[in-house]
There are 2 protein chains.
Amino acid sequence: MSLDSAPAEAGSPAGPVLAPGSTLGILGGGQLGRMIAVAAARLGLHVHVYCPDPLSPAFEVATAHTVAAYEDEAALQAFAAAVDVVTYEFENVPERTAAVLAAAVPVRPGPRSLAICQDRLSEKTFLSGLGIPVAAFAAVDSAEDLKAAAVRIGLPAVLKTRRMGYDGKGQTIIREGFDAGAAFAAIGAKPAILEAFVPFVLECSIVLARGLDGTVVPFDVAENRHEHHILKYTTVPATVSAATAAAAREIGTKVAAALGHVGTLAVELFLVRDADGERLVANEIAPRVHNSGHWTQDAAETCQFEQHVRAVAGWPLGRAGLIAPVEMENLIGDDAGRWSAILAEPGAHLHLYGKAEARPGRKMGHVNRLNPPPRG
Amino acid sequence: MSLDSAPAEAGSPAGPVLAPGSTLGILGGGQLGRMIAVAAARLGLHVHVYCPDPLSPAFEVATAHTVAAYEDEAALQAFAAAVDVVTYEFENVPERTAAVLAAAVPVRPGPRSLAICQDRLSEKTFLSGLGIPVAAFAAVDSAEDLKAAAVRIGLPAVLKTRRMGYDGKGQTIIREGFDAGAAFAAIGAKPAILEAFVPFVLECSIVLARGLDGTVVPFDVAENRHEHHILKYTTVPATVSAATAAAAREIGTKVAAALGHVGTLAVELFLVRDADGERLVANEIAPRVHNSGHWTQDAAETCQFEQHVRAVAGWPLGRAGLIAPVEMENLIGDDAGRWSAILAEPGAHLHLYGKAEARPGRKMGHVNRLNPPPRG
């Protein structure tokens with residue numbers, strides 16, 4: 001007997017269901033890929049990680065790895081031939097890379113999740129088209145466009161490159177009296193989007209998983225605090241009303257369904273409070289496991305990484321209930337030097353990514369604190 | 001900044017404390033080594049697994065691996081040079097292997113844990129010397145010894161090889177009218193021990209971790225059910241009195257301290273109920289992570305694998321409280337074919353070891369069911 005045969009229900013209309021002993025391919029070898037790989041191994045899958053960086057943290061916990069550029073089609077084809085399904089830890093997978101792989105093997109989440117979420121303009125247009133509130137926005141392809149957009153949207157506003165931005169990179173704030181040429185140059189004179197500034201009182205996110213059969217299982221809404229444009233703390237439960245939490249789940253579910261998404265997904269949200277009460281404005285979609293879902297490793301019945309693996313394998317999702325109130329702290333740069341004190345903290349769960357060098361701004365690990373004391 | 005420097009408190013009298021970025025060496029590449037490796041990776045350690053079997057499940061989640069015999073001293077020396085501390089997933093590490101490694105690098109748990117637990121006679125003598133109740137026993141080195149021992153201990157009794165027995169292997173029951181020559185031959189005519197049969201009502205175990213500083217953190221007592229001499233179910237809480245649970249913790253703590261043990265350790269216990277009430281009889285010690293502690297992965301605040309890694313790294317232990325009642329079921333041989341149904345069970349956490357072939361009696365994985373329904 002071998003586990004290498006899928007059960008009778010394998011013939012899903014949405015594509016093949018994996019059996020244990022199959023191989024999951026992961027594009028990207030950072031900490032997200034590493035944590036997906038560990039979850040996959042626990043479920044009896046082999047893992048093959050593809051990443052151009054020879055020092056990728058995910059290589060250490062994978063059965064096999066390939067060091068090659070995302071444009072290396074021969075390497076991509078060999079990778080596709082060696083795995084049963086491909087997933088990714090980042091949404092900026094080049095379109096051609098995804099197409100080469102998809103010709104040979106299922107890629108989950110699928111092309112629509114990638115295409116829409118790679119581009120802030122298509123993302124905002126998509127959200128808006130679903131009736132989900134977003135900041136006012138306009139496409140900016142030149143300094144002239146920027147001037148016109150600023151008039152239309154009002155200031156202050158945020159100018160962002162349409163592609164490849166993360167952790168505040170490729171962004172600049174536009175205020176009264178701005179120099180359009182300088183601002184457009186500051187973001188590299190690339191196709192961009194101007195977004196109205198949202199006067200939010202807090203940032204939160206909804207992380208969920210959607211299975212191959214369309215089932216959606218959301219986690220609890222998470223409240224996020226950024227420092228220097230990088231996520232620093234996530235706390236659950238979030239300090240939002242029950243109605244807002246329900247609205248967040250509804251937004252996440254609508255987005256996942258409209259993308260035909262398979263896997264874990266996060267929607268970052270702004271909470272606005274005004275005379276009319278509390279409401280959410282969607283900021284961006286991450287069609288993948290997300291930093292604001294790391295708390296699920298120790299405080300949810302099933303973590304976001306296992307849910308992602310279950311989804312991309314075509315398996316049923318697990319329960320996602322909250323086990324205990326939790327605070328996730330990202331360990332950025334020198335923060336990781338506090339590992340010894342964190343290990344001695346009762347109720348703290350330390351996660352380190354195995355990165356050798358703690359450069360400023362680099363995510364080195366995180367800690368999940370269950371039943372944390374209130375933070376000032 | 002690098003994490004490769006240990007903090008100021010590193011100079012423990014019991015030996016060096018590891019820093020994240022250090023390498024943990026593991027002797028043995030089975031599922032226990034695999035789960036230790038995953039726990040170590042989560043804490044930012046690199047892992048190097050040493051095992052003669054080229055298809056070792058632990059290789060898949062390790063940074064590096066060595067395929068070599070335990071008697072290959074050149075390979076052992078190279079391994080010792082590549083790691084910062086060595087631990088093991090099984091107690092039958094040859095004495096010479098441990099000595100070669102210990103000459104170059106800390107081996108944790110230490111030589112006393114290995115020496116005593118490898119030999120049923122020294123183990124029973126050790127337990128007895130600590131005042132811990134054990135079955136009446138006698139050394140048996142020949143058929144003649146067996147006859148004399150049977151008279152002294154009474155029948156029925158169990159004849160076991162002193163070394164290398166597990167899962168019921170190397171054992172035979174001795175009943176009235178037995179043939180001493182045949183019985184001694186049946187266990188391979190090896191140095192053996194005759195143990196009185198214990199009329200137990202249930203089997204349980206205490207799993208705990210002991211840190212480099214001597215701190216002991218016990219898990220809840222586990223109740224174990226064997227089928228065909230292999231552990232099949234573990235349930236927690238066990239159906240024992242509070243006094244018995246306290247006695248189990250005391251036995252475990254006493255054993256760990258007397259061994260100078262560093263790491264996770266299990267003591268298997270028989271529960272006897274008679275006119276005097278409920279009492280425990282120690283059966284054997286496993287100086288390592290143990291199958292009856294697998295439930296801790298999903299139902300304890302810190303799992304036995306992380307506790308083991310923390311201990312052998314010289315780090316403080318985590319909390320070990322029970323999160324929810326749990327039943328662990330071992331998936332043996334064809335049981336693993338039920339993976340698809342298990343994934344669909346609410347509250348079930350599936351763990352598979354990545355073994356290709358499901359031979360009868362082979363441990364393929366396990367499932368932890370939280371808040372399980374009562375089993376008949």
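**Exercise 1. A proline between two helices**

Task: A:Pro109 is found in the loop between helix H3 (95-102) and helix H4 (111-117) of chain A; state which geometry the peptide bond from A:Arg108 to A:Pro109 has, and then examine B:Pro156 in the same manner.

Solution: The structure is a predicted model, and local features are read where pLDDT is at least 70. Omega for the bond from A:Arg108 to A:Pro109 is near -5°, and this peptide bond is therefore cis. Turning to chain B, B:Pro156 lies in the loop between helix H6 (143-153) and strand S6 (157-161). Its bond from B:Leu155 has omega near 0°, and is cis. As background, most peptide bonds are trans.

**Exercise 2. Positive phi**

Task: For A:Ala189 and B:Asn371, give phi, the place in the chain, and the degree of exposure.

Solution: Begin with A:Ala189, which sits in the loop between helix H7 (180-186) and strand S10 (192-196) of chain A. Phi of A:Ala189 is near 50°, a positive value in a residue other than glycine. Because 13 C-beta neighbours are found inside 10 Å, A:Ala189 counts as partly exposed.

Next, B:Asn371 belongs to the segment after S17 of chain B, and its phi, near 45°, is again positive in a residue other than glycine. With 11 other C-beta atoms within 10 Å, B:Asn371 is exposed. For context, most residues other than glycine have a negative phi.

**Exercise 3. Two helices of chain B**

Task: Determine which residues of helix H3 (residues 95-102) of chain B are buried, and what they pack against; then determine how many residues of helix H10 (residues 304-313) of chain B are buried.

Solution: In H3(B), the buried residues are B:Thr97, B:Ala98, B:Val100 and B:Leu101. Viewed down the axis of H3(B), these buried residues fall within an arc of 160°, so they line one face of the helix. The other side of H3(B) carries B:Glu95, B:Arg96 and B:Ala99, which are exposed. The partners of the buried residues are helix H2 (73-82), strand S4 (85-88) and helix H4 (111-117) of chain B.

For H10(B) the outcome is that 10 of its 10 residues are buried, and the helix is mostly covered. Among the buried residues are the charged B:Glu306 and B:Arg310, together with B:Phe305 and B:Val309. After the helix comes B:Gly314, whose phi is positive, near 85°.

**Exercise 4. The relation between the chains**

Task: Describe the operation that superposes chain A on chain B, and then the side of chain A that touches chain B.

Solution: The superposition needs a rotation of 180° with 0.0 Å of shift along its axis, and it gives an RMSD of 0.0 Å. The two copies are thus related as by a two-fold rotation axis. In chain A, A:Val61 has the C-alpha nearest this axis, 2.0 Å from it. The same surface serves both copies, since 100% of the contact residues of chain A recur in chain B.

The contact itself takes 38 residues from chain A and 38 residues from chain B. On the side of chain A, the elements that give two or more residues are helix H1 (31-42), helix H11 (339-343) and strand S18 (348-352). Sorted by class, this side of chain A has 21 nonpolar, 11 polar and six charged residues.

**Exercise 5. The core and a buried strand residue**

Task: Name the residues with the most contacts inside the largest nonpolar core, list the neighbours of A:Ala37, and then characterise B:Ala192.

Solution: The largest nonpolar core has 223 residues, and those with the most contacts inside it are A:Ala37, A:Leu194, B:Ala37 and B:Leu194. Not counting residues up to four places away in sequence, A:Ala37 touches A:Ile26, A:Val47, A:Val49, A:Ala58, A:Val61 and A:Ala62.

B:Ala192 is placed in strand S8 (residues 192-196) of chain B. With 29 other C-beta atoms within 10 Å, where 20 or more are required, B:Ala192 is buried. Once its neighbours within four places in sequence are left aside, B:Ala192 is in contact with B:Val140, B:Leu159, B:Lys160, B:Thr161, B:Arg162 and B:Ile187. By contrast, the C-alpha atoms of B:Ala192 and B:Gly321, 129 residues apart along the chain, are separated by 39 Å.

How values were computed
Residues are numbered from 1 along each chain as its sequence is written. Chains are lettered from A and ligands numbered from 1 in the order in which they are written. This is a predicted model: local features need pLDDT of at least 70, side-chain atom pairs count only at pLDDT 80 or more; totals for chains, interfaces and linings use all residues. Copies are superposed by least squares on the C-alpha atoms of residues with pLDDT of at least 70 in both. Two residues are in contact if their C-beta atoms, placed from the backbone, lie within 7 Å. A residue is buried if 20 or more other C-beta atoms lie within 10 Å of its own, exposed if 12 or fewer, and partly exposed in between; C-beta atoms are placed from the backbone. Helices (H or I, at least four residues) and strands (E, at least two) are DSSP runs, numbered from the N terminus. The arc is that of the directions from the helix axis to the C-beta atoms. A nonpolar core is a set of buried Ala, Val, Leu, Ile, Met, Phe, Trp, Tyr and Cys residues joined through C-beta atoms within 7 Å.
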